[in-house]
Amino acid sequence: MGALAYYGFTIAIYTCLSAIQALGFNLQFGFAGIINLAYVVLVAVGAYSTAIAAVAPAPHGGLTQYIGGFGWPFPWDMLFGIFCTLAFSAVLGGLAFKRLREDYLAVSMIVVGAGLLVLINDDVPIFNGTSGMAGVPGPFQDQLGPEAYQFVFLMMSAVSALLIFLLFSRITKSPFGRALKAVREDSDAAASLGKSPWRLKMSAFLLGGLAAGLSGSLLILYIGAWNTSAWLPQESLIVLAAIIVGGRGNHGGAVLGTFVVIGVITQATKFIPSFGNAVLVASLQVVSIGLLILAFMWWRPQGLLPELKDQYLRVGIKKELSDSGPALPRAVD
Amino acid sequence: MVASGIPTATSAEIRPVMALDLNEVSCSYGGTKAVRSVSFSIPKGAYVALIGPNGAGKTTLLNCISGYNSNYRGRVLFDGHDISRKPLHHVANQSLARTFQVPRIYRRMTVVSNVMLGARRQIGESVLGAVLGTWRKQEAENLERAWALLTRFGLERVADNYGAELSGGQERLVELCRVLMLKPRAILLDEPFAGVSPANRRRLADLILELKSDPDFTILMVEHRLEWVDQLCERTIVLANGAVIADGTLAELRGQKSVIDSYLGSTEIA
Amino acid sequence: MNEFLLLVEVGIIDGAFLAISAVGFSMQFGVTNYVNFAYASFITFGAYCAYLLDSGPLHANFLVDLVGAAIGTAALSFLIGSFVYTPFARRRPQLLFGLVLTFCMWLILDNLLLGIFGYDYRELTYTSGSASNIGQFGPFQMSPIEGVFLLVAVVTLGSVHGLLRYTRLGRSMRAMSDDHSLALVCGLNTKRIVRLTWIITGVLGGVAGFVQANQLRAFDPGIGDTYIYLVIAAVIVGGIGRPYGAALGALIIGIVSELSVPIIGAALSPVAIFGVLICLMLFRPAGLFGSTGRSQFENA
């Protein structure tokens, strides 16, 4: 298989996994109104925990140091990764949602993300510092040939993305979605109707964490390596752009936004002349994504696919109320 | 006649459980004492009005009782349960509902969705229930109840309209429908007639009176317009400067000097 | 005991340096209602302004570098604040947009600086060799250059204090922090105050960047990013929007950071900071001086 085909597979897999992240982030940000700008930290938790589950223990006194190293095969390493992400999200959410209002929450998430970056970079024994984890074996990589492996992994990623899309759509198109929207729009009014804002936000946060863990896990299984540069704050920018461009509070919008943003990234490099070094090109990519977000916020804040106004049951009413009296409600939709 | 605190039972009499019991409720707000040692009891089935000049602390008191504000001292009991300083959703789940001074309708949801939010213990509101899809039957039942409420309030025509498209009076009625979906045992009404057109006020009053058909249903109503207080409530508590200064029928209160004095500083006409 | 005092001294010095940017960040939020994540980039910009004046053809001295960093960052802050943040606040006033905006601005500015300067480490000329003549005063240690920077920090913080307490501008800024709508009603020229706030907090950011560049010895465009989490932590501890709280928070963060080193090691100092934040979240979520209750963005 030529280099172009490999490149194609890489982009396609990366797009599917980014779509999963976008769907998870959208659930937190668009549907629940949780401004978690450090979503990428949850992805990192999934990646790191999958890594320490999959690789062999670090050799004593060697240059690479990390905790764990259970040597589990697929799918146990991935499940461990997802589990750790859920646990981490639960702790984070438990501390944050009961006590912090939205602006404090957003700021705290950034602090957590930045602080963890410093911590993991400096404290080498945890996850091998700036070098990070490497040599993570992919699922069935030995049994399949290189081409078949790419194809199988693409199928896995696409199916996962589709499952998350269907699952999240089903969850939000229900009384849960209605109550969540109510908490987002006016938390106190929702509480006065007996809805617990904490429980609803926590559920949404955990679901977003589930998507992050799944995506992080698959990412490291595919790439085989992961270090702190993979979860810098600017990585959150991609998933943020996908939502702002695609549409907050709209699952289809999240997926569409992912396609658009990745398209912009890959195509934009063709137009940025390579007069500068690689650093300049990468920086300009980030700057263009940032500007894209600003442009959409200014001109089309609802995104390409705006939130469906009322996704829940709507009552179709026959307008002839005069003689026969109002018709019985029939749920339309 | 000023209401006393919670009366103690003698060995012979057994006191019925009060709907609402307030005991020495005090609340300060950035330096000012908004509510001072308020105590009163409301038996089940009573319709009580809470009146007083602007700034007397009426809404603050409602906020404390309902859990909107948990920064207060004192005890609040509802139907014998201690709801002091419990959060809004906990109080609502104890079947004590409230409306707000400005109706908090969801503008980007339809009237039907707004009302359906009031239904309690919805299976579909948990993630598991939503995933399994076991909520549809209950939702259909809730929908019928919501429709019945909307029809009773004359809101069938606007059922599919969004909250943003409603008039002030319609918002008020929708809010009441929504709150009734909770099947509450008592409601705290905050100025229910404010912003309602004269035409709709009669209908609103009739609807509130209709609810009296349930002998255990209790209402505590903050209201300025005394003609409605007269028609709907058999007892009135007067709050001024955060303290209860009078408690009795409107006729009794009209003669009391303390009540008239408290209104002299305001633009209200007793 | 001597070791303990030394750690406390270093912690106080670190805290004083941290306070410069913490106060700036807090003041920006108080007056403009913007949680400005791009402040990290302002700090980085300040460091590079000083570097360019220092190592460029001018070979300027300490004072020129300091003033240059201050003025350059003040200009950047004014431009971003007046031409990006303020129009956005008018058009998209929701909290969500404000946070996303400053977050994007942070990454845009960071990457522009990265594109221009690259990953190479730079140094200010007076930082090397400063480690050699460390003066000893009882249990305390300080090098001359450190002493000079400490003086800069004290003068800066003192000026801010003087501004807030004794000038009309300062009182107006405090009024706007406390209650925006009331300040408008009282006839304060809020637009002018906001513009001046961008400038003043820009000065603080530039000075902070200059000081931090010296503290780190060698720095790259990431200097603001590794620092901003300490700045925000200090602001959270003090209560967002409370400059005096931010200064106190900075001292606490500095001291706790240093005292944790013999216990858990320097690399784990973020854990100590997290510990402080977790305690705060459990016992005083609004910060030491912050107010609990609903955010200013609640609809009536």
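**Exercise 1. Strand pairing in chain B**

How many bridges join E6(B) to strand E7 (residues 186-190) of chain B, and do the two run parallel or antiparallel? Work out the answer, and then place both strands in their sheet.

*Solution.* This is a predicted model, in which local features need pLDDT of at least 70 and side-chain atom pairs count only at pLDDT 80 or more, while totals for chains, interfaces and linings use all residues. Residues are numbered from 1 along each chain as its sequence is written, and chains are lettered from A and ligands numbered from 1 in the order in which they are written.

Step 1. E6(B) and E7(B) are joined by three bridges and run parallel; two strands pair if DSSP finds at least two bridges between them. Strands (E, at least two residues) and helices (H or I, at least four) are DSSP runs, numbered from the N terminus. Within this pairing, Leu96(B) stands opposite Ala186(B) in E7(B).

Step 2. The open sheet that holds these strands has six strands in the order E6-E7-E8-E3-E9-E10 (chain B), and its pairing is mixed. Strand E6 (96-98) and strand E10 (243-248) of chain B are the edge strands, each pairing on one side only, and the twist averages 20° from one strand to the next.

Step 3. Helix H1 (residues 58-66) of chain B packs on the sheet and touches strand E3 (47-51), E6, E7, strand E8 (218-222) and strand E9 (235-240) of chain B. Its direction makes about 150° with that of E7(B), where axes are lines fitted to C-alpha atoms, for helices over the stretch in contact, and angles run from 0 to 180 degrees between N-to-C directions.

**Exercise 2. The partners of E1(B)**

Identify the strands that pair with strand E1 (residues 20-29) of chain B, and describe the turn that follows E1(B).

*Solution.* Step 1. E1(B) is joined by seven bridges to strand E2 (residues 32-42) of chain B, in the antiparallel sense, and Leu20(B) has Ile42(B) as its bridge partner in E2(B).

Step 2. E1(B) and E2(B) form a hairpin with two residues between them, and Gly30(B) in the turn has a positive phi of about 50°.

Step 3. E1(B) also pairs with strand E4 (residues 73-78) of chain B, again antiparallel, over five bridges; here the bridge partner of Ser26(B) is Arg73(B) in E4(B).

**Exercise 3. The setting of Leu155(B)**

Decide whether Leu155(B) is buried or exposed, and list its contacts beyond its neighbours in sequence.

*Solution.* Step 1. Leu155(B) lies in the loop between helix H5 (136-152) and helix H6 (168-181) of chain B.

Step 2. Because 21 other C-beta atoms lie within 10 Å, Leu155(B) is buried; the cut-offs are 20 or more for buried, 12 or fewer for exposed and partly exposed in between, with C-beta atoms placed from the backbone.

Step 3. Leaving aside neighbours within four places in sequence, Leu155(B) is in contact with Val111(B), Leu150(B), Gln170(B), Leu173(B), Val174(B) and Cys177(B), where contact requires C-beta atoms, placed from the backbone, to lie within 7 Å. The C-alpha atom of Arg73(B), a residue 82 positions away along the chain, is separated from that of Leu155(B) by 41 Å.

**Exercise 4. Two helices of chain C**

Describe how helix H1 (residues 2-32) and helix H6 (residues 168-178) of chain C pack.

*Solution.* Step 1. The axes of H1(C) and H6(C) are 7 Å apart and make an angle of about 70°. H1(C) is therefore roughly perpendicular to H6(C), a class that runs from 65 to 115 degrees, with under 35 counted as roughly parallel, over 145 as roughly antiparallel and the rest as oblique.

Step 2. Met27(C), Gly30(C) and Val31(C) in H1(C) meet Met173(C), Met176(C) and Ser177(C) in H6(C). This contact has four nonpolar, two polar and no charged residues, with Ala, Val, Leu, Ile, Met, Phe, Trp, Tyr, Cys and Pro counted as nonpolar, Asp, Glu, Lys and Arg as charged, and the others, Gly among them, as polar.

**Exercise 5. Chain A and its contacts**

Summarise the build of chain A, and state what chain A and chain B each bring to their contact.

*Solution.* Step 1. Chain A has 12 helices and two strands, and 52% of its 333 residues count as buried.

Step 2. The contact takes 30 residues from chain A and 36 residues from chain B. H7(A) gives the largest share of the side of chain A that touches chain B, six residues, and that side divides into 16 nonpolar, five polar and nine charged residues.

Step 3. In the contact between chain C and chain A, 40 residues come from chain C and 38 residues from chain A. H4(C) gives the most to the side of chain C that touches chain A, with 14 residues.

Methods
Contact = placed C-beta atoms within 7 Å.
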